[in-house]
Amino acid sequence: MIDISANLSGFNFESCIMNASGPLDTTLEELTDIATSGAGGIVMKSCTLDVREGNPEPRYVDIEWGSINSMGLPNLGYKFYKEISPKLKSYGKPLIASIAGANCQEYAEIIEAFNDSDVDILEVNLSCPNVIGRPQIGYDFEMSQDILNTIGDISNKPWGAKLPPYFDFVHFEEMASILNSSKISFIVSINSIGNALFIDWKKEQVLIKPKGGFGGLGGRYIKPTALANVKKFSELLDKRIKIVGVGGIYNGIDAFEFILSGATLLQLGTSFSQEGPLIFNRVSKELCDIMKGKGYRSLDDFRGKLKVID
Ligand code: RRO
(Lines give C-alpha, C1' and ligand atoms only; values in the text may rest on other atoms or scores of the structure.)
Protein backbone atom coordinates (compact mmCIF):
# COMPACT_ATOMS: atom_id res chain seq x y z
CA MET A 1 0.00 0.00 0.00
CA ILE A 2 1.44 3.39 -1.02
CA ASP A 3 0.96 6.20 1.50
CA ILE A 4 0.89 9.77 0.14
CA SER A 5 -0.51 11.31 3.32
CA ALA A 6 1.23 14.23 5.00
CA ASN A 7 1.06 16.07 8.30
CA LEU A 8 1.06 19.83 8.72
CA SER A 9 0.88 21.41 12.17
CA GLY A 10 -0.72 18.27 13.62
CA PHE A 11 -3.36 17.98 10.90
CA ASN A 12 -3.38 14.87 8.73
CA PHE A 13 -3.87 15.29 4.97
CA GLU A 14 -4.88 11.94 3.45
CA SER A 15 -3.33 13.08 0.15
CA CYS A 16 -0.49 15.60 0.05
CA ILE A 17 -2.22 17.24 -2.95
CA MET A 18 -4.80 20.01 -2.60
CA ASN A 19 -5.89 23.22 -4.30
CA ALA A 20 -3.94 26.47 -4.23
CA SER A 21 -5.69 29.59 -2.98
CA GLY A 22 -7.01 31.50 -6.00
CA PRO A 23 -8.91 29.57 -8.64
CA LEU A 24 -12.38 28.07 -8.07
CA ASP A 25 -12.37 28.59 -4.29
CA THR A 26 -14.35 31.79 -3.71
CA THR A 27 -17.96 30.60 -3.26
CA LEU A 28 -19.44 27.89 -1.01
CA GLU A 29 -20.38 25.89 -4.14
CA GLU A 30 -16.80 25.93 -5.45
CA LEU A 31 -15.38 25.08 -2.02
CA THR A 32 -17.86 22.19 -1.65
CA ASP A 33 -16.61 20.81 -4.97
CA ILE A 34 -13.08 20.82 -3.52
CA ALA A 35 -14.31 19.29 -0.23
CA THR A 36 -15.94 16.38 -2.11
CA SER A 37 -12.98 15.85 -4.50
CA GLY A 38 -9.77 13.89 -3.97
CA ALA A 39 -8.02 17.00 -2.57
CA GLY A 40 -6.26 16.29 0.73
CA GLY A 41 -7.33 19.65 2.19
CA ILE A 42 -9.46 22.67 1.36
CA VAL A 43 -7.87 26.08 0.78
CA MET A 44 -10.11 29.14 0.50
CA LYS A 45 -9.63 32.26 -1.65
CA SER A 46 -7.56 34.97 0.03
CA CYS A 47 -9.99 37.10 2.00
CA THR A 48 -9.96 40.75 3.01
CA LEU A 49 -11.76 42.87 5.62
CA ASP A 50 -14.49 43.83 3.15
CA VAL A 51 -16.07 42.17 0.14
CA ARG A 52 -14.06 42.98 -3.03
CA GLU A 53 -15.21 42.81 -6.64
CA GLY A 54 -11.62 42.74 -7.88
CA ASN A 55 -10.18 44.20 -11.08
CA PRO A 56 -12.05 44.78 -14.37
CA GLU A 57 -12.29 41.94 -16.93
CA PRO A 58 -10.67 40.38 -18.89
CA ARG A 59 -8.51 39.55 -15.88
CA TYR A 60 -7.62 35.84 -16.33
CA VAL A 61 -6.46 34.16 -19.55
CA ASP A 62 -5.28 30.57 -20.11
CA ILE A 63 -2.24 30.38 -22.34
CA GLU A 64 -0.37 27.47 -23.86
CA TRP A 65 1.92 26.75 -20.94
CA GLY A 66 -0.03 28.33 -18.08
CA SER A 67 -2.01 31.42 -17.25
CA ILE A 68 -1.85 35.14 -16.60
CA ASN A 69 -4.12 36.77 -14.03
CA SER A 70 -4.83 40.09 -12.47
CA MET A 71 -7.92 39.18 -10.47
CA GLY A 72 -7.30 41.87 -7.84
CA LEU A 73 -8.40 39.83 -4.81
CA PRO A 74 -12.11 39.34 -5.59
CA ASN A 75 -13.59 37.67 -2.48
CA LEU A 76 -16.66 37.65 -0.26
CA GLY A 77 -14.97 39.16 2.81
CA TYR A 78 -13.47 37.29 5.78
CA LYS A 79 -16.79 37.10 7.67
CA PHE A 80 -18.23 34.90 4.92
CA TYR A 81 -15.30 32.47 5.06
CA LYS A 82 -15.54 32.31 8.85
CA GLU A 83 -19.28 31.67 8.62
CA ILE A 84 -19.00 28.76 6.18
CA SER A 85 -16.14 27.09 8.05
CA PRO A 86 -18.35 24.65 10.08
CA LYS A 87 -20.07 23.49 6.90
CA LEU A 88 -16.75 22.89 5.12
CA LYS A 89 -15.24 21.20 8.18
CA SER A 90 -18.07 18.65 8.14
CA TYR A 91 -16.34 16.96 5.15
CA GLY A 92 -13.53 15.90 7.50
CA LYS A 93 -10.55 17.50 5.75
CA PRO A 94 -8.14 20.15 7.08
CA LEU A 95 -9.54 23.58 6.27
CA ILE A 96 -7.19 26.46 5.44
CA ALA A 97 -8.18 30.13 5.33
CA SER A 98 -6.02 32.48 3.26
CA ILE A 99 -5.70 36.02 4.55
CA ALA A 100 -4.79 39.23 2.75
CA GLY A 101 -4.55 42.66 4.35
CA ALA A 102 -3.41 46.07 3.22
CA ASN A 103 -1.35 46.58 6.38
CA CYS A 104 -0.42 45.04 9.71
CA GLN A 105 -3.62 46.19 11.38
CA GLU A 106 -5.87 44.58 8.76
CA TYR A 107 -4.01 41.26 9.02
CA ALA A 108 -4.35 41.45 12.81
CA GLU A 109 -8.10 42.09 12.69
CA ILE A 110 -8.80 39.16 10.35
CA ILE A 111 -6.50 36.75 12.18
CA GLU A 112 -8.12 37.59 15.49
CA ALA A 113 -11.53 36.86 14.00
CA PHE A 114 -10.39 33.42 12.75
CA ASN A 115 -9.08 32.50 16.24
CA ASP A 116 -12.71 31.75 17.06
CA SER A 117 -13.65 29.69 13.96
CA ASP A 118 -13.68 26.13 12.61
CA VAL A 119 -10.75 26.90 10.32
CA ASP A 120 -7.75 24.67 11.17
CA ILE A 121 -4.82 26.52 9.64
CA LEU A 122 -4.14 30.06 8.38
CA GLU A 123 -2.20 30.87 5.21
CA VAL A 124 -1.14 34.50 5.29
CA ASN A 125 -0.80 35.85 1.76
CA LEU A 126 2.24 38.14 1.58
CA SER A 127 2.46 38.01 -2.19
CA CYS A 128 -0.57 39.19 -4.16
CA PRO A 129 0.91 40.88 -7.24
CA ASN A 130 -2.31 42.42 -8.52
CA VAL A 131 -3.69 45.06 -6.19
CA ILE A 132 -3.30 48.33 -8.02
CA GLY A 133 -0.93 50.69 -6.22
CA ARG A 134 0.13 48.14 -3.61
CA PRO A 135 3.52 46.35 -3.64
CA GLN A 136 4.00 42.66 -2.89
CA ILE A 137 4.66 42.54 0.86
CA GLY A 138 7.09 39.62 0.56
CA TYR A 139 9.53 41.87 -1.32
CA ASP A 140 9.51 44.38 1.58
CA PHE A 141 11.50 42.54 4.25
CA GLU A 142 10.83 45.05 7.02
CA MET A 143 7.06 45.00 6.52
CA SER A 144 7.12 41.19 6.23
CA GLN A 145 8.90 40.97 9.58
CA ASP A 146 6.38 43.34 11.23
CA ILE A 147 3.45 41.30 9.96
CA LEU A 148 4.98 37.96 10.99
CA ASN A 149 5.66 39.31 14.50
CA THR A 150 2.10 40.62 14.78
CA ILE A 151 0.60 37.30 13.66
CA GLY A 152 2.84 35.42 16.07
CA ASP A 153 1.43 37.52 18.93
CA ILE A 154 -2.21 37.11 17.89
CA SER A 155 -2.92 33.78 16.23
CA ASN A 156 -4.02 30.76 18.24
CA LYS A 157 -4.09 28.64 15.06
CA PRO A 158 -1.07 27.22 13.24
CA TRP A 159 -0.11 29.61 10.46
CA GLY A 160 2.16 30.02 7.49
CA ALA A 161 3.00 32.60 4.83
CA LYS A 162 2.47 32.46 1.09
CA LEU A 163 5.57 33.95 -0.47
CA PRO A 164 6.41 35.48 -3.82
CA PRO A 165 9.19 33.86 -5.82
CA TYR A 166 12.73 35.00 -5.01
CA PHE A 167 15.51 34.98 -7.58
CA ASP A 168 18.67 35.94 -5.74
CA PHE A 169 20.39 33.89 -3.03
CA VAL A 170 20.88 37.03 -0.89
CA HIS A 171 17.10 37.55 -0.85
CA PHE A 172 16.47 33.89 0.02
CA GLU A 173 18.86 34.22 2.95
CA GLU A 174 17.33 37.46 4.19
CA MET A 175 13.78 36.09 4.07
CA ALA A 176 14.81 32.75 5.62
CA SER A 177 16.42 34.54 8.54
CA ILE A 178 13.20 36.53 9.16
CA LEU A 179 11.11 33.33 8.95
CA ASN A 180 13.44 31.37 11.26
CA SER A 181 13.09 34.02 13.95
CA SER A 182 9.26 34.02 13.77
CA LYS A 183 6.65 31.60 15.12
CA ILE A 184 5.69 30.44 11.64
CA SER A 185 4.87 26.73 11.00
CA PHE A 186 5.13 26.63 7.19
CA ILE A 187 5.62 28.58 3.98
CA VAL A 188 3.69 28.25 0.74
CA SER A 189 6.08 28.76 -2.14
CA ILE A 190 5.47 30.20 -4.72
CA ASN A 191 2.71 32.64 -5.62
CA SER A 192 2.47 33.60 -9.30
CA ILE A 193 5.49 35.40 -10.80
CA GLY A 194 4.33 39.01 -10.67
CA ASN A 195 3.95 41.47 -13.49
CA ALA A 196 4.39 39.26 -16.55
CA LEU A 197 3.12 40.52 -19.91
CA PHE A 198 1.46 38.58 -22.74
CA ILE A 199 0.68 40.09 -26.12
CA ASP A 200 -1.82 39.17 -28.84
CA TRP A 201 0.50 40.08 -31.72
CA LYS A 202 -2.28 40.02 -34.33
CA LYS A 203 -4.35 42.54 -32.40
CA GLU A 204 -1.15 44.29 -31.25
CA GLN A 205 -2.76 44.32 -27.80
CA VAL A 206 -2.19 43.01 -24.28
CA LEU A 207 -4.25 39.99 -23.08
CA ILE A 208 -5.69 41.33 -19.82
CA LYS A 209 -7.19 44.69 -18.92
CA PRO A 210 -5.90 45.65 -15.44
CA LYS A 211 -2.54 47.39 -14.95
CA GLY A 212 -1.94 47.83 -18.68
CA GLY A 213 -1.77 44.06 -19.23
CA PHE A 214 0.73 43.16 -16.47
CA GLY A 215 -0.28 40.19 -14.31
CA GLY A 216 0.76 37.11 -12.35
CA LEU A 217 2.25 34.26 -14.36
CA GLY A 218 1.20 30.71 -13.41
CA GLY A 219 1.39 27.16 -14.71
CA ARG A 220 4.17 25.33 -16.56
CA TYR A 221 6.17 28.52 -17.12
CA ILE A 222 6.91 28.83 -13.41
CA LYS A 223 7.76 25.27 -12.35
CA PRO A 224 11.58 25.68 -12.46
CA THR A 225 11.35 28.87 -10.35
CA ALA A 226 8.96 27.18 -7.91
CA LEU A 227 11.24 24.13 -7.56
CA ALA A 228 14.22 26.42 -6.96
CA ASN A 229 12.33 28.27 -4.21
CA VAL A 230 11.23 25.04 -2.50
CA LYS A 231 14.76 23.61 -2.67
CA LYS A 232 16.54 26.77 -1.50
CA PHE A 233 14.13 27.36 1.41
CA SER A 234 14.41 23.69 2.41
CA GLU A 235 18.17 24.28 2.78
CA LEU A 236 17.80 27.54 4.73
CA LEU A 237 14.75 27.12 6.98
CA ASP A 238 14.73 25.47 10.41
CA LYS A 239 13.39 21.92 10.09
CA ARG A 240 10.28 22.84 12.14
CA ILE A 241 9.13 25.06 9.22
CA LYS A 242 7.45 22.91 6.55
CA ILE A 243 7.19 23.80 2.87
CA VAL A 244 4.03 23.69 0.79
CA GLY A 245 5.09 23.59 -2.86
CA VAL A 246 3.06 25.25 -5.61
CA GLY A 247 3.78 26.35 -9.18
CA GLY A 248 3.28 24.35 -12.36
CA ILE A 249 2.22 21.00 -10.90
CA TYR A 250 0.17 19.18 -13.57
CA ASN A 251 1.05 15.50 -13.09
CA GLY A 252 2.66 12.87 -10.89
CA ILE A 253 6.17 13.62 -12.14
CA ASP A 254 5.81 17.30 -11.18
CA ALA A 255 4.49 16.28 -7.75
CA PHE A 256 7.38 13.82 -7.27
CA GLU A 257 9.95 16.52 -8.13
CA PHE A 258 8.52 18.96 -5.58
CA ILE A 259 8.64 16.38 -2.77
CA LEU A 260 12.18 15.42 -3.82
CA SER A 261 13.07 19.14 -3.50
CA GLY A 262 11.78 19.21 0.08
CA ALA A 263 8.03 19.96 -0.04
CA THR A 264 5.68 18.40 2.53
CA LEU A 265 2.40 19.30 0.80
CA LEU A 266 1.51 20.41 -2.72
CA GLN A 267 -1.02 22.83 -4.15
CA LEU A 268 -2.48 23.06 -7.66
CA GLY A 269 -3.53 26.46 -9.04
CA THR A 270 -3.58 26.95 -12.82
CA SER A 271 -3.77 23.19 -13.50
CA PHE A 272 -6.81 22.86 -11.18
CA SER A 273 -8.43 25.84 -12.85
CA GLN A 274 -7.92 24.22 -16.27
CA GLU A 275 -8.88 20.63 -15.40
CA GLY A 276 -11.33 20.94 -12.48
CA PRO A 277 -11.65 18.83 -9.30
CA LEU A 278 -10.87 15.46 -10.95
CA ILE A 279 -7.24 16.56 -11.14
CA PHE A 280 -6.62 15.76 -7.45
CA ASN A 281 -7.28 12.02 -7.81
CA ARG A 282 -5.42 11.88 -11.13
CA VAL A 283 -2.22 13.49 -9.81
CA SER A 284 -2.42 11.49 -6.54
CA LYS A 285 -2.68 8.25 -8.52
CA GLU A 286 0.17 9.22 -10.85
CA LEU A 287 2.36 10.02 -7.83
CA CYS A 288 1.49 6.63 -6.27
CA ASP A 289 2.40 4.87 -9.53
CA ILE A 290 5.81 6.58 -9.67
CA MET A 291 6.49 5.68 -6.03
CA LYS A 292 5.46 2.07 -6.63
CA GLY A 293 7.84 1.85 -9.61
CA LYS A 294 10.69 3.11 -7.44
CA GLY A 295 9.85 0.99 -4.41
CA TYR A 296 8.92 3.94 -2.18
CA ARG A 297 6.11 3.42 0.32
CA SER A 298 5.76 6.89 1.85
CA LEU A 299 6.77 10.47 1.03
CA ASP A 300 9.39 10.33 3.81
CA ASP A 301 11.29 7.75 1.74
CA PHE A 302 12.38 10.44 -0.75
CA ARG A 303 11.42 13.88 0.59
CA GLY A 304 14.29 16.33 0.26
CA LYS A 305 16.63 13.69 -1.13
CA LEU A 306 17.38 15.43 -4.43
CA LYS A 307 20.90 14.55 -5.54
CA VAL A 308 23.43 17.05 -6.86
CA ILE A 309 26.26 16.23 -9.22
CA ASP A 310 29.64 15.98 -7.47
O1 RRO B 1 -6.51 37.87 -6.66
C2 RRO B 1 -5.43 37.95 -7.28
O3 RRO B 1 -5.25 38.78 -8.20
C4 RRO B 1 -4.27 37.12 -6.96
C5 RRO B 1 -3.83 36.90 -5.68
BR6 RRO B 1 -4.72 37.50 -4.17
C7 RRO B 1 -2.63 36.16 -5.46
O8 RRO B 1 -2.15 35.95 -4.34
N9 RRO B 1 -1.97 35.72 -6.54
C10 RRO B 1 -2.41 35.93 -7.81
O11 RRO B 1 -1.77 35.49 -8.78
N12 RRO B 1 -3.57 36.63 -8.00
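Biologist: Which residues is Val206 in contact with, leaving aside its neighbours within four places in sequence?

Modeller: This is a predicted model, and contact here means heavy atoms within 4.5 Å. With those sequence neighbours left out, Val206 is in contact with Leu197, Phe198, Ile199, Gly212 and Gly213. Val206 itself sits in strand 13, which covers residues 205-206.

Biologist: Is Val206 buried, exposed or partly exposed, and why?

Modeller: Buried means under 20% relative accessible area and exposed means over 50%, with partly exposed in between. Val206 counts as partly exposed because its relative accessibility is 29%.

Biologist: Where is Ser144, and what is it in contact with once neighbours within four places in sequence are left aside?

Modeller: Ser144 belongs to helix 5, residues 141-154. Leaving those neighbours aside, Ser144 is in contact with Leu126, Ile137, Gly138 and Met175. Ser144 is buried, because its relative accessible area is 0%.

Biologist: How do I read burial for a whole element, and how many residues of helix 8 are buried?

Modeller: The same cut-off of under 20% is applied to each residue. In helix 8, residues 252-260, seven of the nine residues are buried, so by that cut-off the helix is mostly covered. The buried ones are Gly252, Asp254, Ala255, Phe256, Phe258, Ile259 and Leu260.

Biologist: What covers the buried residues of helix 8?

Modeller: The cover includes three strands and two helices. The strands are strand 3 (17-19), strand 15 (242-246) and strand 16 (265-268). The helices are helix 7 (223-236) and helix 10 (279-294).

Biologist: What is found at the N-terminal end of helix 8, and what just after the helix?

Modeller: Asn251 caps the N-terminal end, with a side-chain oxygen 3.0 Å from the backbone nitrogen of Ile253. Just after helix 8, Gly262 has a positive phi of about 120°.

Biologist: Now the pockets. How much space lies in the largest pocket, and which residues are closest to its centre?

Modeller: The largest pocket holds about 700 Å³ of space. It is lined by 43 residues, and those closest to the centre are Ser21, Gly22, Pro23, Lys45 and Asn69. Two or more lining residues come from each of strand 6 (66-69), strand 14 (214-219), strand 16 and helix 9 (270-275). Strand 14 gives the largest share, four residues.

Biologist: How does the lining of the largest pocket divide by class?

Modeller: There are 16 nonpolar, 22 polar and five charged residues in the lining of the largest pocket.

Biologist: What volume does the second largest pocket have?

Modeller: Its volume is about 230 Å³. Of its 15 lining residues, Ser234, Lys239, Ile243, Gly262 and Arg303 are the closest to the centre. Gly262 is also the residue with positive phi just after helix 8. Helix 7 and strand 15 each supply at least two lining residues, and helix 7 has the largest share, with three. By class, this lining has four nonpolar, five polar and six charged residues.

Biologist: How many cavities of 30 Å³ or more are there?

Modeller: A cavity is space where a 1.4 Å probe fits but cannot get out, whereas a pocket is open. The count is one cavity of 30 Å³ or more, and the largest cavity has a volume of about 90 Å³. Among its 13 lining residues, Gly101, Tyr107, Cys128, Arg134 and Ile137 are the closest to the centre. Ile137 is also one of the contacts of Ser144.

Biologist: Which classes make up the lining of the largest cavity?

Modeller: Eight nonpolar residues, four polar and one charged.

Methods
Residues are numbered from 1 along each chain as its sequence is written. This is a predicted model: local features need pLDDT of at least 70, side-chain atom pairs count only at pLDDT 80 or more; totals for chains, interfaces and linings use all residues. Side-chain values use heavy atoms; hydrogens and water are left out. Buried means under 20% relative accessible area, exposed over 50%, partly exposed in between (1.4 Å probe, protein chains only). A polar contact is a pair of N or O atoms within 3.5 Å; within protein, one must be able to donate a hydrogen and the other to accept it, and residues adjacent in sequence count only if both atoms are side-chain atoms. On a 1 Å grid over the protein atoms alone, a cavity is a set of points where a 1.4 Å probe fits but cannot get out, and a pocket is an open set with protein on both sides within 12 Å along at least five of seven lines; lining residues have an atom within 4 Å of a point. Grid points are joined across faces, edges and corners, and a volume is the space filled by probe spheres set on the points. Ala, Val, Leu, Ile, Met, Phe, Trp, Tyr, Cys and Pro count as nonpolar, Asp, Glu, Lys and Arg as charged, and the others, Gly among them, as polar.
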